[in-house]
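Q: I have a structure open here and I am new to it. Can we go through it together?

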Amino acid sequence: DSVIFLGGQDYLPLFSALTSGFQGKRTVFFNSRVAPDVGPGLVLERFDTHQKTNWHYACAQAVIEGKIRR
């Protein structure tokens, strides 16, 4: 179906490698002003929040609550 990434840019290469054979949608959520450089097949989606530390917790909660469609 789909898989999402919530984490820091340092982990993107690992996520990309581990999911490279996945046939579904692979979405990378990010919070920086500038979108991260991702490989082919990854969909970028900015999670807009003023929270800079631990923003991924709020993003995960929004996904769980259905506030973000994947």
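Q: What share of the 70 residues of the protein chain count as buried?
A: This is a predicted model. In it, 26% of the 70 residues count as buried.

Q: How many helices and strands does the protein chain have?
A: There are two helices and three strands. Read along the sequence, they follow the pattern β-α-β-β-α.

Q: And how compact is the protein chain?
A: The radius of gyration is 12 Å, and the globule rule gives 11 Å for 70 residues. Those values are close, so the chain is as compact as a globular protein of that length.

Q: What does the C-alpha trace span along its principal axes?
A: About 35 × 25 × 15 Å.

Q: Now the sheet. In what order do the strands come, and is the pairing parallel or antiparallel?
A: The order is β1-β2-β3, in an open sheet with parallel pairing. The edge strands are β1 (2–6) and β3 (42–46), each of which pairs on one side only.

Q: By how much are neighbouring strands of this sheet turned against each other?
A: By 25° on average, direction ignored.

Q: What holds strands together in general?
A: Strands of a sheet pair through backbone hydrogen bonds.

Q: Over how many bridges do β1 and β2 pair?
A: Over five bridges, with β2 covering residues 25–30. As for single residues, isoleucine 4 stands opposite threonine 27 in β2.

Q: Where is glutamate 45?
A: Glutamate 45 is in strand β3. Its relative accessibility is 27%, so it counts as partly exposed.

Q: How far is glutamate 45 from phenylalanine 29, in sequence and in space?
A: They are 16 residues apart in sequence, while their C-alpha atoms are 4.9 Å apart in space.

Q: Different topic: how many salt bridges does the structure hold?
A: Two. In one of them, arginine 46 pairs with aspartate 48, and the closest N and O atoms are 2.8 Å apart. The other salt bridge joins lysine 67 to glutamate 65, with 2.9 Å between the closest N and O atoms.

Q: Why can such side chains pair?
A: Side chains of opposite charge can pair when their charged atoms come close.

Q: Are arginine 46 and aspartate 48 buried or exposed?
A: Arginine 46 has 34% relative accessibility, so it counts as partly exposed. Aspartate 48 is at 64% and counts as exposed.

Q: And what about lysine 67 and glutamate 65, buried or exposed?
A: Lysine 67 is exposed, with a relative accessible area of 64%. Glutamate 65 counts as partly exposed at 43% relative accessibility.

Q: Which residues make the nonpolar surface patch?
A: Tyr11, Leu14 and Leu18 make it, and the patch is about 380 Å².

Q: Where is leucine 18 found?
A: In helix α1, which covers residues 12–18.

Q: Why does leucine 18 count as exposed?
A: Because its relative accessible area is 67%, and exposed means over 50%.

Q: Last one. What is the phi of asparagine 54?
A: Asparagine 54 has a positive phi of about 60°, although it is not a glycine. Asparagine 54 is found in the loop between β3 and α2 (55–64).

Q: Is asparagine 54 buried or partly exposed?
A: Asparagine 54 counts as partly exposed, at 35% relative accessibility.

How values were computed
Residues numbered from 1 in each chain as written. Predicted model: local features only at pLDDT ≥ 70, side-chain atom pairs only at ≥ 80, totals over all residues. Heavy atoms only, no water. Patch = residues over 30% accessible without salt bridge, like charges linked within 9 Å, V, L, I, M, F, W, Y side chains within 5 Å. Areas by Shrake-Rupley, 256 points an atom, 1.4 Å probe, with all protein chains shown as cover. Salt bridge = Lys/Arg side-chain N within 4 Å of Asp/Glu carboxyl O. Helix = DSSP H or I, 4+ residues; strand = E, 2+ residues; numbered from the N terminus. Buried < 20%, exposed > 50% of the residue type's maximum accessible area, 1.4 Å probe, protein only. Pairing = 2+ DSSP bridges. Axes fitted to C-alpha atoms, helices over the stretch in contact; angles between N-to-C directions. Rg over C-alpha atoms; globule rule 2.2 N^0.38 Å.
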